[in-house]
Amino acid sequence: MSVIATPQDLKMYVDDAVITVFENMLGMMIDPSRYGANLTLLEPQVIGMVSITGATQGVVCLRVSPGFSSEAASAMLEMDEDSLSEPDINDVIGELANMIAGKIKAGLSTGGEPCGLSLPTIVRGRKIDLESISGVKRHSFSFAHDCGPVVLEIYSLE
Amino acid sequence: MNHPKILLIDDSRATRSVVAKMLSGLQCEIVEAANGALGLDQAHLHLPGLIVLDMTMPVMDGVETLERLKADPATSAIPVIMLSANSNAEEMEQMKARGAAHYVTKTQKPKLILDYAMELLKLEPKPVAEAA
């Protein structure tokens with residue numbers, strides 16, 4: 001993000017965005033504190049990524065396990081997990097990342113600056129590291145739910 | 001009796017599902033489209049009483065779709081609720097200036113869309129006894 005925020009402010013915006021989206025869209029209550037920052041997911045992952053463009057810039061990544069992604073899709077679409085297709089799950093994870101990015105951006109950006117959100121991208125795989133180019137900082141936050149951890153990362157200009 | 005139609009235009013099936021679920025208590029027929037271009041076709045075909053329109057979509061985004069709806073005499077009077085993940089006061093004012101009736105961010109309580117839909121379709125809330 002090109003807008004400077006203190007670590008405390010950034011955590012407050014991220015906690016509010018992730019908790020609000022999971023509660024309003026999925027009816028899932030998640031805990032922002034149990035795992036602490038910089039949790040690494042070792043199992044296969046489903047990652048939803050959305051870029052923030054314009055006056056505020058950055059990339060927001062939502063990482064969950066395949067099992068968690070199925071639970072989330074089942075909750076949002078009100079379908080049995082067995083009847084969900086991969087595009088259904090991708091759609092839900094992408095849309096969650098989109099909503100979270102929009103809410104974080106609203107907290108970080110100053111009034112009146114034009115900025116937008118990209119269409120979501122989904123990446124699936126095991127042990128996926130996103131490497132930052134020079135001058136880009138990774139901010140990581142983790143959340144807990146009975147279905148497993150949720151990791152939210154923000155890549156921004158230092 | 002003909003029930004009013006509501007057209008949901010959003011590339012996310014998940015979001016269409018959430019909004020359709022929220023509006024299911026209204027006696028309305030829900031029609032869906034996955035992008036603005038398809039949405040314009042559906043708007044002309046069904047002439048709905050209300051359109052819920054996502055901002056960010058492939059093929060044709062919500063801004064262009066809204067402009068085309070409002071520029072066409074066949075669809076210009078249909079009220080439009082803009083739906084966006086991007087909570088931005090300036091964007092909200094721009095969309096209202098282009099003719100949107102309301103602007104709702106996706107992280108707001110989904111019931112807000114129901115309230116706006118009832119207002120725009122001039123529907124009365126169900127009496128408590130009937131709802132129970």
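**Exercise 1.** Is Arg124(A) buried, partly exposed or exposed? Work that out, then find its salt-bridge partner.

*Solution.* A word on the ground rules: this is a predicted model, where local features need pLDDT of at least 70 and side-chain atom pairs count only at pLDDT 80 or more, while totals for chains, interfaces and linings use all residues. Residues are numbered from 1 along each chain as its sequence is written, chains are lettered from A in the order in which they are written, and side-chain values use heavy atoms, leaving out hydrogens and water.

Step 1. Take the cut-offs: buried is under 20% relative accessible area, exposed is over 50%, and partly exposed is in between (1.4 Å probe, protein chains only). With a relative accessible area of 34%, Arg124(A) is partly exposed.

Step 2. Look for a salt bridge, that is, a side-chain nitrogen of Lys or Arg within 4 Å of a carboxyl oxygen of Asp or Glu. The partner is Glu86(A), with the closest N and O atoms 3.7 Å apart.

Step 3. Place the pair. Glu86(A) sits in helix α3 of chain A and Arg124(A) in strand β4 (residues 121–125) of chain A, so they tie together parts 38 residues apart in sequence. Helices (H or I, at least four residues) and strands (E, at least two) are DSSP runs here, numbered from the N terminus. Glu86(A) is partly exposed too, at 47%.

**Exercise 2.** Take the salt bridge between Arg138(A) and Glu153(A) and say which parts of chain A the pair ties together.

*Solution.* Step 1. The two side chains meet at 2.9 Å, N to O.

Step 2. Arg138(A) belongs to strand β5 and Glu153(A) to strand β6 of chain A, so the link spans parts 15 residues apart in sequence.

Step 3. Check accessibility: Arg138(A) is partly exposed at 33%, whereas Glu153(A) is buried at 2%.

**Exercise 3.** Describe how chain B meets chain A.

*Solution.* Step 1. Start with contact (heavy atoms within 4.5 Å): 22 residues of chain B and 26 residues of chain A take part.

Step 2. Get the buried area, meaning the accessible area (1.4 Å probe) that two parts lose on being put together, summed over both. That comes to about 1,900 Å², with 51% from carbon and sulfur atoms.

Step 3. Count the salt bridges between the chains: three. One of the structure's salt bridges joins Lys21(B) to Glu78(A), with the closest N and O atoms 3.5 Å apart.

Step 4. See what chain B brings. Its helix α1 (residues 13–23) gives the most to the side touching chain A, with six residues.

**Exercise 4.** Which residues touch the most other members of the largest nonpolar core?

*Solution.* Step 1. A nonpolar core is a set of buried Ala, Val, Leu, Ile, Met, Phe, Trp, Tyr and Cys residues joined through side-chain atoms within 4.5 Å.

Step 2. The largest has 42 residues, and Val14(A), Phe22(A), Leu62(A), Met76(A), Leu96(A), Ile100(A) and Leu152(A) touch the most other members. Its largest share, ten residues, is from α3(A).

Step 3. Zoom in on Met76(A). Leaving out residues up to four places away in sequence, Met76(A) touches residues of chain A including Met25(A) and Leu96(A), and residues of chain B including Ala14(B) and Val18(B).

Step 4. Look apart from this core and you'll find another, of 20 residues, including Val31(B) and Tyr103(B).
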